[in-house]
Amino acid sequence: MMKNSHDFDYGALVTDDRVNAAVYTTPEIFATEMERIFHRGWVFIGHASEVPNPGDYRLKHLGRQPVIMVRDQAGQVRLLLNRCRHRGAGVCTEERGNLRSFRCAYHGWTYKLDGALAGVPYPEAYGEDFRREEYGLTKVPRVGDYRGFIFGSLSAAGVTLEEHLGRTREQIDLFVEMSPAGEIDLAPGAQKYRFTGNWKLQVENGMDGYHPPVTHESIVMAVERQRGRKFDTYTADSPAVTRDLGGGHAMLDFRKCPANRSLNRETYSKTPGDETFRETYADAMRRRYGEARAAEILQAGGTHMLIFPNLIILGVQLRVISPLAVDNTEVAVYPALLRGVPDEINEIRLRGHEAFFGSAAAGSPDDTEMFERMGAGFAATLEPWVYMGRNLSGEREDGDGSMVGHVMDEMTQRAIWRQWKKLMTGEAVTHKPVRSPARHVSTNPESIPAK
Ligand code: FES
Ligand SMILES: [Fe+2]
């Protein structure tokens with residue numbers, strides 16, 4: 001097995017208030033990130049609602065590993081590595097669909113939905129020592145499901161998914177419980193785009209409360225004109241906060257902003273005065289959750305949170321970040337529909353998603369443009385540092401163990417980098433050493449180069 005011989009001093013690349021831009025541009029650092037962050041800890045893969053029926057599958061990534069998320073015949077969601085156990089061809093090439101089995105196009109080895117090898121052509125030439133049960137598609141060693149959010153880990157042992165998710169679970173609950181049925185639906189699919197730049201630029205940007213009034217100035221001004229008043233979110237006395245939830249998880253917390261109420265008239269009414277479906281929805285929520293919890297969900301339900309390292313839950317969508325190379329990133333944005341709500345609610349969610357987040361919408365392309373400008377800027381290496389010290393001294397504890405700052409502080413970026421540094425230096429361990437690692441997985445701690 002190839003040894004990783006890179007021995008960067010990761011601790012020195014990230015300080016309290018700045019990051020050396022080598023972390024965005026160096027292929028060897030990218031390779032080590034894949035190994036230490038994506039191929040060890042828990043990584044978001046997909047949502048159970050994407051594969052509602054047996055045989056439904058989606059092609060996904062776990063770090064750089066190609067993965068099939070499939071619902072098997074017994075109804076269980078499986079994560080299988082998309083690699084034929086014969087000579088290694090991908091067994092599935094269509095991005096989504098429904099199949100009864102996976103048949104490799106090269107020599108025809110065929111696998112059941114749970115990954116078991118069902119049969120091989122011309123089997124008589126294989127001797128008695130060829131045991132079919134040893135040649136099923138390789139399973140992702142650990143699969144976890146929290147409220148339909150499916151995560152995978154290539155490490156056979158380590159912190160539980162619940163431990164990994166920590167404080168983010170409260171926000172996942174609020175997001176899912178926007179549905180009176182307690183279920184979101186990602187079946188409509190995703191818009192995907194790629195940008196030339198490093199994956200962490202999108203991760204940082206998703207939690208960046210400093211940029212919207214500038215990067216997105218044109219759409220902010222247009223909406224303010226339409227509404228006839230200014231946003232109260234990005235102001236010096238904004239009640240919104242940045243929040244470091246620990247473990248690299250972070251959020252922009254708008255719960256105290258009246259204008260961000262999930263159920264406010266502007267967001268969830270088609271026309272002023274048209275309240276019927278809004279009331280139908282609110283009634284269903286009160287019946288399901290009771291008065292107090294329904295009010296809390298309707299105020300706080302559209303969270304804005306990063307689940308480290310690759311999932312952002314953002315208002316009405318899931319945003320999944322897939323690093324492809326040091327300077328090539330795929331982003332998939334999934335509008336999340338709510339089950340058990342009047343159609344108008346989902347229609348408004350979809351239209352809102354398209355208007356700001358689509359690949360040809362008014363918001364996301366602004367951000368992508370900034371990532372590519374940063375890539376151009378990073379070519380100037382005489383001064384390699386990027387500065388993230390905005391109100392470092394203003395970080396404060398919030399009683400529940402999380403840290404908060406003003407919504408336009410760079411605390412969320414620092415939260416991400418603190419975790420990155422811990423994982424890359426080995427200070428934080430998300431996995432446990434495995435004595436006999438599965439053949440395809442590098443979980444052996446001895447493969448980590450000494451610094
Ligand atoms: S590579 Fe898949 S059957 Fe030969
Ligand atoms: Fe943005």
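Where does Arg 147 lie? Arg 147 sits in the loop between β10 and β11. Its phi is near 50°, a positive value in a residue other than glycine. Most residues other than glycine have a negative phi, and most peptide bonds are trans. Arg 147 counts as partly exposed because it has 15 C-beta neighbours inside 10 Å. The cut-offs run as follows: a residue is buried if 20 or more other C-beta atoms lie within 10 Å of its own, exposed if 12 or fewer, and partly exposed in between, with C-beta atoms placed from the backbone.

This is a predicted model, in which local features need pLDDT of at least 70, side-chain atom pairs count only at pLDDT 80 or more, and totals for chains, interfaces and linings use all residues. Residues are numbered from 1 along each chain as its sequence is written, while chains are lettered from A and ligands numbered from 1 in the order in which they are written.

Now the overall picture. The chain holds 14 helices and 23 strands. Both are DSSP runs numbered from the N terminus: helices are H or I with at least four residues, strands are E with at least two. Of the 451 residues, 40% count as buried. Contacts (C-beta atoms, placed from the backbone, within 7 Å) with a separation of 6 or more come to 64% from residues 24 or more positions apart.

Back to β10 and β11. They belong to an open sheet of 3 strands, ordered β2-β11-β10, with antiparallel pairing. Strands pair here if DSSP finds at least two bridges between them. The edge strands are β2 (43-47) and β10 (142-146), each pairing on one side only. Neighbouring strands are turned by 30° against each other on average, direction ignored. The angles use axes that are lines fitted to C-alpha atoms (for helices, over the stretch in contact) and run from 0 to 180 degrees between N-to-C directions. β10 and β11 (residues 149-153) are joined by 5 bridges in the antiparallel sense. Within that pair, Gly 144 stands opposite Phe 151.

Another open sheet has 4 strands in the order β5-β4-β3-β6, again with antiparallel pairing. β5 (77-81) and β6 (96-98) stand at the edges with a single partner strand each, so one side of each has no neighbour in the sheet. The twist averages 30° from one strand to the next. At one edge, β3 (residues 56-62) and β6 run antiparallel and are joined by 3 bridges. Asp 56 stands opposite Asn 98 there. At the other edge, β4 (residues 65-71) and β5 pair over 5 bridges. Val 70 has Arg 78 as its bridge partner. The two strands form a hairpin with 5 residues between them, and Gly 75 in the turn has a positive phi of about 95°.

How many residues of β5 are buried? The count is 5 of its 5 residues. Val 77, Leu 79 and Leu 81 cover one side, and Arg 78 and Leu 80 the other. Helix α8 (residues 217-227) is hardly covered: 0 of its 11 residues are buried. Gly 228 follows α8, and its phi is positive, near 80°.

Next, the core. A nonpolar core is a set of buried Ala, Val, Leu, Ile, Met, Phe, Trp, Tyr and Cys residues joined through C-beta atoms within 7 Å. The largest one has 100 residues, of which Phe 44, Ile 45, Val 67, Met 69 and Leu 306 touch the most other members. Helix α14 (residues 411-425) gives the most to this core, with 7 residues. The core lies between domain 1 (44-153) and domain 2 (162-425), because both give residues to it. Those domain bounds come from an automatic or database domain assignment. In soluble globular proteins, nonpolar side chains tend to be buried together.

Leu 306 deserves a closer look. Not counting residues up to four places away in sequence, Leu 306 touches Val 203, Gly 206, Met 207, His 249, Ala 250, Met 251 and Ile 312. The loop between β16 (304-307) and β17 (311-314) contains Pro 309. The peptide bond from Phe 308 to Pro 309 is cis, with omega near 5°.

Finally, Phe 195. Its place is in strand β13 (residues 191-195). Phe 195 counts as buried because it has 21 C-beta neighbours inside 10 Å. Leaving aside neighbours within four places in sequence, its contacts are Thr 329, Thr 368, Phe 371 and Glu 372. The C-alpha atoms of Phe 195 and Val 331 are separated by 8.2 Å, though the residues are 136 apart along the chain.

Notes. Two residues are in contact if their C-beta atoms, placed from the backbone, lie within 7 Å.
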